[in-house]
Amino acid sequence: VCWLTGPYFIRTLVKRHFGQAIRDDGPQSHKKKQGTPTMGGGLILLGVLVPTLLWVDITNALVWAVLAVMFGFGLIGYWDDWLKVSKKNTKGVKGRVRLLAEFSFAALIIGYLVWNNHIPTTIAFPFFKQFTWEIGWFYVGFAALVVVGCANAVNLTDGLDGLAIVPVMITATTLMVFAYVAGNIRLAEYLSVPYIPGAGELCPLAGAVIAAGMGFLWFNSYPAQVFMGDVGSLSLGGFLGITAVISQNELLLVVLGGVFVVEALSVITQVISFKLTGRRVFKMAPIHHHFELKGLDETKIIVRFWIISILLAVLSLATLKLR
């Protein structure tokens, strides 16, 4: 779907002047990307929606929860992107307003799942067999924080051509395995992971995300013909976050999504350091810009981040047997 409709989709974005505004304080090498069509995440959502309607059991409450978060966060991202392209600046929606909308929406969906006993309110610890922590309704706030944090971490990672989409695909592939295990009572018992009835139905949904990511990468690989924008990064990050929550891998997501975590931490560290000491830890944040300013070629940074993401996925999968 993405591959076939991509050229028309990109031409439409160009015709409507939905071009990316580049930050003035960003790397000067990015100035050549000014005007590249953005909001390509809409293409990804289209690529996910079509096979989902064809092959996923849409009567499954877990599927509805994932789709609600994915498309809900996509709408928030669209709102942000629309303000950026219409105002021709990089500000978009105010940060506090966007975070409040994301957190409220995620908490609403997770609260519904907890209220109807679709997911447990326990936190599972990777690397430890049968070690869980029951936190009751506090789980709603914790899980919402995981979803919002993941969405914004992916958003921060989306700064170079193809940098975010491949780690998203790798993470989605790994979570697809975890969802299958969690939804299979025999495998769940054998591997000592929480059994979540219906979680296996998230596998074809994750497959659709992976396939849509491949289709998008066709046009997003260096030099990019289109950027995913916030509509793409927030929806994909939201998908990863809610899938990790449903499959009871909230803490493991820190390892699995290590690339996203490091990108987010680099921004947090930079802001805190500058406010407290007036000094910057990195030449520029997120950290991929730091490596750019140190002289690394953009494609080398991208591919090395991909490699790290693959290694983290292998490590995460190893925890299944370690448990």
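This report walks through a helix contact, some aromatic pairs and one buried glutamate in a predicted model.

**Two helices side by side**

A good place to start is helix α6, residues 165-183, which packs against helix α9, residues 229-246. Their axes lie 10 Å apart and meet at an angle of about 20°. Angles under 35 degrees count as roughly parallel, and α6 and α9 are therefore roughly parallel to each other. Their crossing is left-handed.

If you would like to find this contact in the structure, look on α6 for I165, V168, T171, A172 and L175. Their partners on α9 are L236, F239, L240, T243 and A244. What kinds of residue make up the contact of α6 with α9? Eight are nonpolar and two are polar, while no charged residue takes part.

**Aromatic pairs**

Next come the rings. A pair of aromatic rings is described by the distance of the centres and the angle of the planes. The model has six aromatic pairs, and the table shows two of them.

| Pair | Centre to centre | Angle between planes | Arrangement |
|---|---|---|---|
| F18 and W82 | 5.7 Å | 90° | edge-to-face |
| Y139 and F142 | 6.2 Å | 50° | tilted |

Where do F18 and W82 sit? F18 belongs to the loop between α1 (2-15) and α2 (41-55), whereas W82 is part of helix α3, residues 61-87. The pair therefore ties together parts that are 64 residues apart in sequence. F18 has a relative accessible area of 14%, so F18 is buried. W82, with a relative accessible area of 37%, is partly exposed. Together with Y78, F18 and W82 form one aromatic cluster.

The pair of Y139 and F142 has another setting: both residues lie in helix α5, residues 138-157. Y139 and F142 are three residues apart, so about one helical turn separates them. Is Y139 buried or exposed? Its relative accessibility is 0%, so Y139 counts as buried. F142, at 22% relative accessibility, counts as partly exposed.

**A buried glutamate**

Our last stop is E263, found in helix α11, which spans residues 258-277. With a relative accessible area of 0%, E263 is buried. Which residues does E263 touch, leaving aside those up to four places away in sequence? They are T157, L163, P286, I287, H288 and F305.

Methods
Residues numbered from 1 in each chain as written. Predicted model: local features only at pLDDT ≥ 70, side-chain atom pairs only at ≥ 80, totals over all residues. Heavy atoms only, no water. Axes fitted to C-alpha atoms, helices over the stretch in contact; angles between N-to-C directions. Helix = DSSP H or I, 4+ residues; strand = E, 2+ residues; numbered from the N terminus. Parallel < 35°, antiparallel > 145°, perpendicular 65-115°, else oblique. Left-handed = near helix turned anticlockwise from the far one by under 90°. Contact = heavy atoms within 4.5 Å. Nonpolar A, V, L, I, M, F, W, Y, C, P; charged D, E, K, R; others polar. Phe/Tyr/Trp six-rings, centres within 6.5 Å; stacked < 30°, edge-to-face > 60°. Buried < 20%, exposed > 50% of the residue type's maximum accessible area, 1.4 Å probe, protein only.
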